[in-house]
Amino acid sequence: MKSNLQLISLTFAALTALSVVRAEPPRVLLHDTFGAVPERGVERRMEGRPVFAGDGEARGVAFPTAADKLIYPVTGTVNPEEGTVEFWLEPQFDFGDSKNNESLLRIGFGPEDGMSLYYNGGNQGFVFYAWDKDNPSSRHHSSGMPTFLPSRKLHWRKGVKHHVAVTWQRDVQRIYLDGEKDRHSFFEGGVKVASPVSGTVEVGGGRFRISEIRAWDGPRAPRNLFKRPEVENASAKTES
């Protein structure tokens with residue numbers, strides 16, 4: 001009987017950890033639809049030569065080389081304790097054809113703490129990881145490298161639009177692809193950073209054309225992740 005109660009307790013704890021529970025809905029910290037001139041309230045600078053093109057819903061930014069990036073301040077843009085970053089994007093290559101890594105997002109909270117999201121040419125899908133120099137659970141026990149969260153193998157084609165999102169909350173990280181949860185992993189203790197945070201948010205460096213990025217101060221509800229920009233009110237500052 002005791003073992004059954006322990007099993008029920010562990011199961012409940014796991015389900016609680018996997019759920020998105022917040023007293024208040026998350027708020028938008030960053031929303032950029034990539035006009036050549038930043039929208040009001042968006043602070044960014046360029047490195048290399050990102051290519052802005054199009055107008056209205058068709059506009060976006062591409063990154064022809066690894067040196068091409070958009071840089072945002074991390075303070076006020078990303079919440080290191082919990083959050084969501086989501087993209088509408090079109091790969092500029094066929095997944096599987098490229099054996100190289102293609103960067104999409106790098107977040108630095110200081111010299112050695114941060115997060116990264118990129119296409120991995122080895123597993124032909126995305127990889128997301130959080131890195132905390134003071135938290136051993138963020139590193140593989142033998143190699144000392146970050147504990148990577150890989151997506152499933154993808155067969156995405158060049159020029160086809162997709163939605164990609166990552167969320168982190170307490171000790172759980174997740175990857176969502178086209179509105180559905182792909183993978184999750186446990187990361188005991190979360191990312192601990194000193195306050196105030198310093199660093200940058202780097203977008204690009206890989207061969208993607210991005211039409212929108214949003215960063216939220218908490219994990220978005222899965223039912224809201226797949227709302228297209230033309231459906232959801234772009235000026236909304238809170239979840240509905």
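Phenylalanine 208 is tucked away: its relative accessible area is 1%, so it counts as buried (under 20% relative accessible area, with over 50% called exposed and anything in between partly exposed, using a 1.4 Å probe and protein chains only). The model is a predicted one, with local features needing pLDDT of at least 70 and side-chain atom pairs counting only at pLDDT 80 or more, while totals for chains, interfaces and linings use all residues. Residues are numbered from 1 along each chain as its sequence is written, and side-chain values use heavy atoms, with hydrogens and water left out.

Phenylalanine 126 is buried as well, because its relative accessibility is 0%. Phenylalanine 95 is likewise buried. These rings belong to a bigger story, as the structure holds nine aromatic pairs (rings of Phe, Tyr and Trp, the last by its six-membered ring, with centres within 6.5 Å; planes under 30 degrees apart are stacked, over 60 edge-to-face, and the rest tilted). Phenylalanine 95 and phenylalanine 126 make an edge-to-face pair, at 5.8 Å centre to centre and 65° between the planes. Phenylalanine 95 sits in the loop between β6 (82-91) and β7, phenylalanine 126 in strand β9 (residues 125-131), and 31 residues separate the two. On to the next pair: phenylalanine 126 and phenylalanine 208 are stacked, with 6.1 Å from centre to centre and 25° between the planes. Since phenylalanine 126 lies in strand β9 and phenylalanine 208 in strand β15, this pair ties together parts 82 residues apart in sequence. Phe93, Phe95, Tyr119, Phe126, Trp156 and Phe208 form one aromatic cluster.

Now for the overall picture. The protein has two helices and 15 strands (DSSP runs numbered from the N terminus: H or I of at least four residues for helices, E of at least two for strands). Buried residues make up 48% of its 240 residues. Among contacts (heavy atoms within 4.5 Å) with a separation of 6 or more, 65% are between residues 24 or more positions apart.

The largest nonpolar core (buried Ala, Val, Leu, Ile, Met, Phe, Trp, Tyr and Cys residues joined through side-chain atoms within 4.5 Å) has 38 residues, of which Phe87, Phe126 and Ile210 touch the most other members. Strand β15 (residues 208-216) gives the most to this core, with four residues. Leaving aside residues up to four places away in sequence, the contacts of phenylalanine 87 include Leu104, Leu105, Val203 and Ile210.

Two of those neighbours turn up again in the strand pairing (at least two DSSP bridges between two strands): leucine 105 stands opposite valine 203 in β14. Strand β7 (residues 102-108) runs antiparallel to β14, joined by three bridges. Strand β5 (residues 69-73) is also antiparallel to β14 (residues 200-204), with five bridges, and lysine 69 faces glycine 204 there.

Strand β12 (residues 172-177) is largely enclosed by the rest of the structure, because six of its six residues are buried. Val172, Arg174 and Tyr176 point one way from β12, while Gln173, Ile175 and Leu177 point the other way. That fits the usual pattern, since side chains in a regular strand alternate between the two faces of the sheet. Strand β11 (residues 162-169) runs antiparallel to β12 through six bridges, and alanine 165 has tyrosine 176 as its bridge partner. The two strands form a hairpin with two residues between them, and arginine 170 in the turn has a positive phi of about 50°.
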